[in-house]
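The following exercises are meant for a reader who meets this structure for the first time. Each task is followed by a solution in steps.

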Amino acid sequence: MAKLKKDKFYLVQEDILPEAIKKTIKVKEILKLGEAKTINEAVERMDLSRSAYYKYKDYVFPFYEIAQGKIVSITISMSNEAGMLSSILRTIAESNGSILTINQDIPLQGIANVTIAFETKDLSTSLEECLNNIRSIRGILRVEILGQA
């Protein structure tokens, strides 16, 4: 049986980060603030390649953005078995997460994909622990954070 990959998160001081990661964070801020209309415009402004931006954009966040996040959106791939979605929702509820939206695709080749947005402000566990609890459910293939608000 294959081991599940567990994401680990670290808080690191900015001055040890490679320039490409620092610039990726700045590009995300420029886009968020509307200071550039396109990704192309923002990466050019920061002298960053598009490939470097796309490589890091889903994996780096300023600390304040994570700390203030009240809503997280996750995507989950799972085997198409009865009760899977119920188990996921129960796991989030056990951590005091409040479900906001659920979007499940039609299963293909025995695999179902679901996107769930939930509030994290009242979590009784860390977000990482909540996600690891979901990953530990039999039949879960992948769990990823799509974004935070």
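**Exercise 1. Determine which residues I116 is in contact with, leaving aside its neighbours within four places in sequence, and place I116 in its core.**

Step 1. In this predicted model, I116 is in contact with V72, S73, I74 and I76. Its further contacts are L85, I88, L89, I92, I99 and T101.

Step 2. The largest nonpolar core has 19 residues, and I116 is one of those that touch the most other members, together with I74, I76, M78, I88, I134 and I140. Two or more residues of this core come from each of β1, α5, β3, α6 and β4.

Step 3. A second core, separate from this one, consists of 8 residues, among them V27, A42, L48 and A52. As a general background, nonpolar side chains in soluble globular proteins tend to be buried together.

**Exercise 2. State the order of the strands in the open sheet and explain why β2 and β4 stand at its edges.**

Step 1. The open sheet contains 4 strands in the order β2-β3-β1-β4, and their pairing is antiparallel.

Step 2. β2 (98-104) and β4 each have a single partner strand, so each has one side without a neighbour in the sheet.

Step 3. Direction ignored, neighbouring strands are turned against each other by 20° on average.

Step 4. Between β1 and β4 the antiparallel pairing extends over 7 bridges. I74 has I145 of β4 as its bridge partner.

**Exercise 3. Describe how α5 and α6 are placed against the strands.**

Step 1. α5 packs on the sheet and touches β1, β2, β3 and β4. The direction of α5 makes about 25° with that of β3.

Step 2. α6 lies across β1, β3 and β4, and runs at about 150° to β4.

Step 3. In α6 (residues 127-135), the buried residues are L127, C130, L131, N132, I134 and R135. Their cover includes β1 (71-79), α5 (84-94), β3 (111-119) and β4 (140-148).

**Exercise 4. Decide whether T75 and S126 are buried, partly exposed or exposed.**

Step 1. T75 is found in strand β1. Its relative accessibility is 12%; buried means under 20%, and therefore T75 counts as buried.

Step 2. Not counting residues up to four places away in sequence, T75 touches V114, T115, R142, V143, E144 and L146.

Step 3. S126 lies in the loop between β3 and α6. Its relative accessible area is 39%; since this value falls between the limits of 20% and 50%, S126 is partly exposed.

Step 4. S126 and S95 are 31 residues apart in sequence, while their C-alpha atoms are 8.5 Å apart in space.

**Exercise 5. Give an account of the protein chain as a whole, covering its elements, its domains and its surface.**

Step 1. The protein chain has 6 helices and 4 strands. From the N terminus on, the elements run α-α-α-α-β-α-β-β-α-β.

Step 2. The chain is divided into domain 1 (19-66) and domain 2 (71-148). The centres of the two domains, taken over C-alpha atoms, are separated by 27 Å.

Step 3. Along its principal axes, the C-alpha trace spans about 50 × 35 × 30 Å.

Step 4. The chain has 149 residues, of which 32% count as buried. It exposes about 9800 Å², and carbon and sulfur atoms supply 53% of this area.

Step 5. Among contacts between residues at least 6 apart in sequence, 68% join residues at least 24 apart.

Technical notes: Residues numbered from 1 in each chain as written. Predicted model: local features only at pLDDT ≥ 70, side-chain atom pairs only at ≥ 80, totals over all residues. Heavy atoms only, no water. Buried < 20%, exposed > 50% of the residue type's maximum accessible area, 1.4 Å probe, protein only. Contact = heavy atoms within 4.5 Å. Core = buried A, V, L, I, M, F, W, Y, C linked by side-chain atoms within 4.5 Å. Pairing = 2+ DSSP bridges. Axes fitted to C-alpha atoms, helices over the stretch in contact; angles between N-to-C directions. Domains from an automatic or database assignment. Areas by Shrake-Rupley, 256 points an atom, 1.4 Å probe, with all protein chains shown as cover.
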